[in-house]
Amino acid sequence: MVEHGVEVSQVLGKGASLLVAAATLHDVGYAPRLAVTGFHPLDGARFLRDEHGADERLVRLVANHSFALLEAEERGLREALEAEFPLLEDQLLVDALVYCDMTTTPDGERTTAGERVAEIRGRYGDDSVVGRFIRRAAPEIFVAVGRVEGTLAAQPRGG
Ligand SMILES: [Fe+2]
């Protein structure tokens with residue numbers, strides 16, 4: 001995931017270090033001691049903001065990673081998330097984090113977004129909160145990953 005971030009960051013210019021930081025920290029909210037709401041993007045972003053005074057754009061990326069707003073909606077937390085951590089307007093940066101997250105397995109192997117979504121559905125079940133979220137988010141995930149792949153494909157390759 002982080003190596004992935006380094007690769008993608010080459011097309012991001014000034015956003016590069018921000019992407020690598022977000023790719024490294026986006027799931028920090030899964031740490032049991034940080035679980036307050038039990039919604040890891042929000043718990044992680046609050047931790048980075050409140051305990052580390054992290055960069056505002058970094059915490060907004062973490063809070064919104066991989067269409068977290070849609071899962072927040074399933075959990076009744078959308079208003080809280082939007083109010084505290086508005087989505088960044090830098091589409092390529094937001095997409096790049098989706099790409100890093102959704103083309104890497106939980107073990108850190110490369111995968112496709114289609115396989116990743118299928119794995120999440122299988123792991124959580126379609127009737128769960130995460131299952132409902134991922135089915136709603138899947139079309140958006142595929143579009144975002146496609147945009148990043150298009151950007152990467154358009155890059156001239158160095159020798
Ligand atoms: Fe996550």
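This short talk covers an iron site, a helix and several salt bridges in one protein model. Please keep in mind throughout that the model is predicted.

Let us begin with the metal. Which residues act as the protein donors of the iron ion? They are D27, through OD, and H40 and H65, each through NE2. These donors lie 2.1 to 2.2 Å from the iron ion. Along the chain, the donors follow the spacing D-x12-H-x24-H. D27 sits in the loop between α2, residues 16–25, and α3, residues 40–52, whereas H40 belongs to helix α3, so the pair ties together parts that are 13 residues apart in sequence. Are these two residues buried or exposed? D27 is partly exposed, with a relative accessible area of 27%. H40, with a relative accessible area of 11%, is buried.

I now turn to helix α9, which runs over residues 129–153. Does its length agree with what one should expect of a helix, and what are the numbers? At 1.5 Å a residue, the 25 residues of α9 should span 36 Å; the C-alpha atoms at its ends are 35 Å apart, which agrees. The helix nevertheless has a kink of about 45° at A137, shortly before the proline P139. A137 is also one of the buried residues of α9, and among the others are F133, I134, I141 and L152.

One residue of this helix deserves a closer look, namely V148, which lies in α9. Its relative accessibility is 1%, and because buried means under 20%, V148 counts as buried. What does V148 touch, leaving aside residues up to four places away in sequence? The answer is V8, D95, A96 and Y99. As for A45, this residue is 103 residues from V148 in sequence, and the two C-alpha atoms are 24 Å apart in space.

The last topic is charge. Side chains of opposite charge can pair when their charged atoms come close. How many salt bridges does the model contain? The count comes to 17 salt bridges, and I shall describe several of them.

In the pair formed by R49 and D50, the closest N and O atoms are 2.7 Å apart. R49 counts as partly exposed at 32% relative accessibility, while D50 is exposed, with a relative accessible area of 52%.

A second salt bridge joins D101 and R116, with the closest N and O atoms 3.3 Å apart. D101 lies in helix α7, residues 91–102, and R116 in helix α8, residues 113–124, so this pair ties together parts that are 15 residues apart in sequence. Both partners are buried: D101 has a relative accessible area of 6%, and R116 has one of 10%.

R116 also forms a salt bridge with E119, where the closest N and O atoms are 3.7 Å apart. Where do these two residues stand relative to each other in helix α8? E119 and R116 are three residues apart, which means that about one helical turn separates them. E119, at 30% relative accessibility, counts as partly exposed.

Finally, salt bridges can be seen here as a network: E73, E74, R78, E82, R132 and R136 are linked in this way.

To close, I would ask you to locate three places in the structure: the iron ion with its donors D27, H40 and H65, the kink at A137 in α9, and R116, which forms salt bridges with D101 and with E119. Thank you for your attention.

Key
Residues are numbered from 1 along each chain as its sequence is written. This is a predicted model: local features need pLDDT of at least 70, side-chain atom pairs count only at pLDDT 80 or more; totals for chains, interfaces and linings use all residues. Side-chain values use heavy atoms; hydrogens and water are left out. Donors are N, O and S atoms within 2.8 Å of the metal (3.2 Å for Na, K and Ca); water is not among the atoms, so sites may look incomplete. Helices (H or I, at least four residues) and strands (E, at least two) are DSSP runs, numbered from the N terminus. Buried means under 20% relative accessible area, exposed over 50%, partly exposed in between (1.4 Å probe, protein chains only). The expected span of a helix is 1.5 Å times one less than its number of residues. The bend at a residue is the angle between axes fitted to the seven residues ending there and the seven starting there. Contact means heavy atoms within 4.5 Å. A salt bridge is a side-chain nitrogen of Lys or Arg within 4 Å of a carboxyl oxygen of Asp or Glu.
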